[in-house]
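Biologist: Could you take me on a close look at one part of this protein, the part around the annotated active site? I am new to this, so please go step by step and show me how that part fits into the rest.

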Amino acid sequence: MDPILIQDVLKTLPHRFPFVMVDRVLSIEDGAVHAIKNVTVNEPFFPGHFPQEPVMPGVLITEALAQASMFCLHGQLEPGTVGYLAGIEGARFKRKVIPGDQLHLHAKLEFLRRGLGKTTCRAEVDGVVVAEATILFAVAQG
């Protein structure tokens with residue numbers, strides 16, 4: 001498949017600046033997604049987290065994984081369907097994410113039944129796992 005560029009990412013996700021955490025989807029195959037988030041020094045959270053040593057908040061890495069998870073359902077959802085975060089299990093943060101990093105987001109659909117789904121996710125920088133979590137979500141008309 002061709003990558004899904006930001007214009008089409010915005011057609012799938014209801015989020016807008018400054019809360020879009022997926023810049024591009026590189027691949028979708030058998031319910032598995034590989035997406036990227038380019039982390040720049042211009043991110044609105046860096047001035048406050050932390051000014052002397054900017055670090056991407058773990059909660060935003062988790063949000064990026066949740067947004068990437070919605071692409072596991074790419075082409076399967078009705079227009080206007082929104083994924084809502086329902087839970088997070090086993091979240092672990094293993095390394096700091098800093099300006100200049102490219103966050104590779106990997107999500108694998110475990111199941112989707114009656115509007116409830118689950119993905120196993122990991123985020124990597126330069127091939128090293130920086131975070132992992134299991135994301136629970138509900139899909140409904142927005």
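Modeller: Here is a walk from the whole chain to the annotated residue, and then out to the elements around it.

Please keep in mind that this is a predicted model. The protein chain has two helices and six strands, and from the N terminus on the order is α-β-β-α-β-β-β-β. The radius of gyration is 14 Å, close to the 14 Å that the globule rule gives for 142 residues, so the chain is as compact as a globular protein of that length. If you draw a box along the principal axes, the C-alpha atoms fill roughly 45 × 30 × 25 Å. Of the 142 residues, 40% are buried. Among contacts with a separation of 6 or more, 62% join residues 24 or more positions apart.

Now to the residue you asked about. The UniProt record, an unreviewed entry, places the feature "active site" at His49. Where does His49 sit? Find β2, residues 32–38, and then α2, residues 58–69: His49 is in the loop between them. Is His49 buried or exposed? Its relative accessibility is 24%, and buried means under 20% while exposed means over 50%, so His49 counts as partly exposed. Once neighbours within four places in sequence are set aside, His49 is in contact with Pro54, Val55, Met56 and Pro57.

A second residue to find in this loop between β2 and α2 is Thr40. Thr40 has a relative accessibility of 36%, so it too counts as partly exposed. Not counting residues up to four places away in sequence, Thr40 touches Phe46 and Pro99. For a sense of distance, look at Phe19: it lies 21 residues from Thr40 along the chain, and their C-alpha atoms are separated by 14 Å.

Next, follow the loop to its α2 end. The helix α2 has twelve residues and spans 17 Å from its first C-alpha to its last, close to the 16 Å expected at 1.5 Å a residue. How many of its twelve residues are buried? Ten are, so α2 is mostly covered. The buried ones include Leu60, Ile61, Leu65 and Ala68. You may remember a rule about helices: an α-helix has 3.6 residues a turn, so residues three or four places apart point the same way. What covers the helix here? The buried residues of α2 pack against β2, β3 (81–93), β4, β5 and β6 (128–141).

That brings us to the strands, starting at the other end of the loop. β2 pairs with β4, residues 102–113, in the antiparallel sense over seven bridges. To see this pairing at one spot, look for His34, which stands opposite His106 in β4. β4 also pairs with β5, residues 116–125, again in the antiparallel sense, over nine bridges. There, Arg113 stands opposite Leu116 in β5. β4 and β5 form a hairpin with two residues between them, and Arg114 in the turn has a positive phi of about 50°.

Putting the part together, His49 belongs to a loop that runs from β2 to α2. At one end, β2 is paired with β4; at the other, the buried residues of α2 pack against strands that include β2 and β4.

Definitions and conventions
Residues are numbered from 1 along each chain as its sequence is written. This is a predicted model: local features need pLDDT of at least 70, side-chain atom pairs count only at pLDDT 80 or more; totals for chains, interfaces and linings use all residues. Side-chain values use heavy atoms; hydrogens and water are left out. UniProt positions are given in the numbering used here, feature names are shortened, and annotations may be inferred rather than shown by experiment. Helices (H or I, at least four residues) and strands (E, at least two) are DSSP runs, numbered from the N terminus. Buried means under 20% relative accessible area, exposed over 50%, partly exposed in between (1.4 Å probe, protein chains only). Contact means heavy atoms within 4.5 Å. Two strands pair if DSSP finds at least two bridges between them. The expected span of a helix is 1.5 Å times one less than its number of residues. The radius of gyration is taken over C-alpha atoms; the globule rule is 2.2 Å times the number of residues to the power 0.38.
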